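Here are a few friendly notes to read alongside the structure. Take the points one at a time, and keep the 3D view open while you go.

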Amino acid sequence: MKATEAEVITDAIESGLDLVADGAVFWREASADQQAGLAWGATAPKTKGVRDETLKEIRPAMRMVTRIAQLVARTVKRVLAKERQKLKSDADYVRGLREKWEPEDDARLSGISLGGIDSGPK
């Protein structure tokens, strides 16, 4: 009996991991109108019947699947925060450079950005 139970849990974990990895299930943080918890994602099964079957399949490992989804969400949030900070830093650097440019440099960059005929090096 124990081996069968372990197989069921192992299969549930594997299915849950696949759902999280595929974006079918994700961790949703609490908001003003919703509680925190697992939610269906963009690639979730379309019908209620298939969703119910999917939930039944992963239920033996629901706590672990939930924890994994939380870890994925937190990791993504941290990575995005770092990337946003880098983009902000890069934008601040470019903004600082633009303040030092001569008007003709600014005009030339605008022309290049717009893809004008006179764009590019002279």
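**Notes on helices, strands and a few single residues**

1. Let us begin with a crossing: helix α1 passes helix α3 in a right-handed crossing. Please keep in mind that this is a predicted model. To find the two helices, look for residues 2-22, which form α1, and residues 62-100, which form α3.

2. Now for the geometry. Two packed helices are described by the angle between their axes and the distance between the axes. For α1 and α3 the angle is about 30 degrees, and the axes are 9 Å apart. Angles under 35 degrees count as roughly parallel, so α1 is roughly parallel to α3.

3. Which residues in α1 and α3 meet? From α1 come Ala12, Ile13, Gly16, Leu17 and Val20, and from α3 come Met64, Val65, Ile68, Ala69 and Val72. The residues of this contact divide into 9 nonpolar, 1 polar and no charged.

4. Helix α1 has another partner to look at: helix α2, made of residues 48-58. Here the helices pack at an angle of about 130 degrees, and their axes lie 8 Å apart. Because that angle falls outside the ranges for roughly parallel, roughly antiparallel and roughly perpendicular, α1 is oblique to α2.

5. At the contact of α1 with α2, Ala12, Ser15, Gly16 and Leu19 in α1 meet Thr54, Glu57 and Ile58 in α2. The make-up of this contact is 3 nonpolar, 3 polar and 1 charged. Ala12 and Gly16 are worth clicking on, since you will find them in the list for α2 and also in the list for α3.

6. Is Ser15 buried or exposed? Ser15 sits in helix α1, and its relative accessibility is 17%. The cut-off for buried is under 20%, so Ser15 counts as buried. If we leave aside its neighbours within four places in sequence, Ser15 is in contact with Glu57 and Ile58.

7. Next, the strands. Strand β1 covers residues 25-28, with Val25 and Trp27 on its covered face and Phe26 and Arg28 on the uncovered one. Its partner is strand β2, residues 37-40, and the two pair in the antiparallel sense over 4 bridges. To see how they line up, find Val25, which stands opposite Trp40 in β2.

8. Where is Ala42 found? Ala42 belongs to the loop between β2 and α2. With 70% relative accessibility, Ala42 counts as exposed, because exposed means over 50%. Measure out its position against Glu29: the two are 13 residues apart in sequence, and 16 Å separates them in space, C-alpha to C-alpha.

9. Finally, look at Asp105 in helix α4, which spans residues 103-114. Its relative accessibility is 40%, so Asp105 counts as partly exposed. Asp105 and Arg74 are 31 residues apart along the chain, and their C-alpha atoms are separated by 43 Å.

Terms used. Residues numbered from 1 in each chain as written. Predicted model: local features only at pLDDT ≥ 70, side-chain atom pairs only at ≥ 80, totals over all residues. Heavy atoms only, no water. Axes fitted to C-alpha atoms, helices over the stretch in contact; angles between N-to-C directions. Parallel < 35°, antiparallel > 145°, perpendicular 65-115°, else oblique. Left-handed = near helix turned anticlockwise from the far one by under 90°. Contact = heavy atoms within 4.5 Å. Nonpolar A, V, L, I, M, F, W, Y, C, P; charged D, E, K, R; others polar. Buried < 20%, exposed > 50% of the residue type's maximum accessible area, 1.4 Å probe, protein only. Pairing = 2+ DSSP bridges.
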